[in-house]
Amino acid sequence: WGRAERNPWLWLVIEALIDHLNAPPPEPGAPGPFSLGEPERLRAVVAEGELTDIGVEEIATEQAYDSLEGWWDELLEVSGPLAAMLKAMPEADREAIRAKALEGGGEFVADDGRAVFPALLVAAKARKPN
């Protein structure tokens, strides 16, 4: 994924969790879904593999869900460590994080009720030397 701020579909939940726990935000490049979000960082990691003709591209897309509730439910199903952390929390804590995330997600609700978030991918292609 690209930088956190370009992926509010995931960042809003992480940000709500950080706020709730009163924790510092992750350091740039720290392990996580946005660790390779800077094109230069991804290019450097690919170059470490001794590949050539490296190309890095940012791809703007969307993450769409039937509703904000659908967005929350899907994230709890597919977001791995984040979902595990949320599911292990007491219900009151999880509900507070959910409420803050849904509040932030409100700006991405379309007229038909769907939640449509902008998203940014950072992709790399390269060649193995002969």
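Me: How many aromatic pairs does the count come to in this structure?
Reply: The model is a predicted one. Rings of Phe, Tyr and Trp are paired if their centres lie within 6.5 Å. By this rule the count of aromatic pairs comes to five.

Me: Is the pair of W1 and W9 stacked or edge-to-face?
Reply: The ring centres of W1 and W9 are 4.7 Å apart, and their planes stand at 65°. Planes over 60 degrees apart fall in the class sought here. The pair of W1 and W9 is therefore edge-to-face.

Me: Which of these two counts as buried, W1 or W9?
Reply: Buried means under 20% relative accessible area. W1 has 33% relative accessibility and so counts as partly exposed. At 7%, the residue that counts as buried is W9.

Me: How many residues apart in sequence are the parts that W11 and F34 tie together?
Reply: The rings of W11 and F34 have centres 6.2 Å apart and planes at 75°, so this pair is edge-to-face. W11 counts as buried at 19% relative accessibility, and F34 counts as buried at 17%. W11 belongs to helix α1, whereas F34 lies in the loop between α1 and α2 (39–48), so the parts they tie together are apart in sequence by 23 residues.

Me: Which residues do ring pairs link into a cluster?
Reply: Linking here rests on ring centres within 6.5 Å. The cluster that ring pairs form consists of Y65, W71, F108 and F117.

Me: Which element gives the largest share of the largest nonpolar core?
Reply: This core has 27 residues, and W9, V13, W71, W72, L86 and F117 touch the most other members. Two or more residues come from each of α1 (8–21), α3 (68–78), α4 (81–88), α5 (91–105) and β2 (115–127). The largest share, nine residues, comes from α1.

Me: Which residues does L86 touch, not counting residues up to four places away in sequence?
Reply: L86 is one of the core residues that touch the most other members. With residues up to four places away in sequence left out, L86 touches V13, L17, W72, L76, R94 and I97.

Me: Are α1 and α3 roughly parallel or roughly perpendicular to each other?
Reply: The axes of α1 and α3 come within 11 Å and cross at roughly 80°. Angles of 65 to 115 degrees form one class. α1 and α3 are therefore roughly perpendicular.

Me: How many nonpolar residues are in the contact of α1 with α3?
Reply: From α1, the residues P8, W9, L10, L12 and V13 meet W71, W72 and L75 in α3. In this contact no residue is polar and none is charged, and the nonpolar residues number eight.

Key. Residues numbered from 1 in each chain as written. Predicted model: local features only at pLDDT ≥ 70, side-chain atom pairs only at ≥ 80, totals over all residues. Heavy atoms only, no water. Core = buried A, V, L, I, M, F, W, Y, C linked by side-chain atoms within 4.5 Å. Buried < 20%, exposed > 50% of the residue type's maximum accessible area, 1.4 Å probe, protein only. Helix = DSSP H or I, 4+ residues; strand = E, 2+ residues; numbered from the N terminus. Contact = heavy atoms within 4.5 Å. Axes fitted to C-alpha atoms, helices over the stretch in contact; angles between N-to-C directions. Parallel < 35°, antiparallel > 145°, perpendicular 65-115°, else oblique. Nonpolar A, V, L, I, M, F, W, Y, C, P; charged D, E, K, R; others polar. Phe/Tyr/Trp six-rings, centres within 6.5 Å; stacked < 30°, edge-to-face > 60°.
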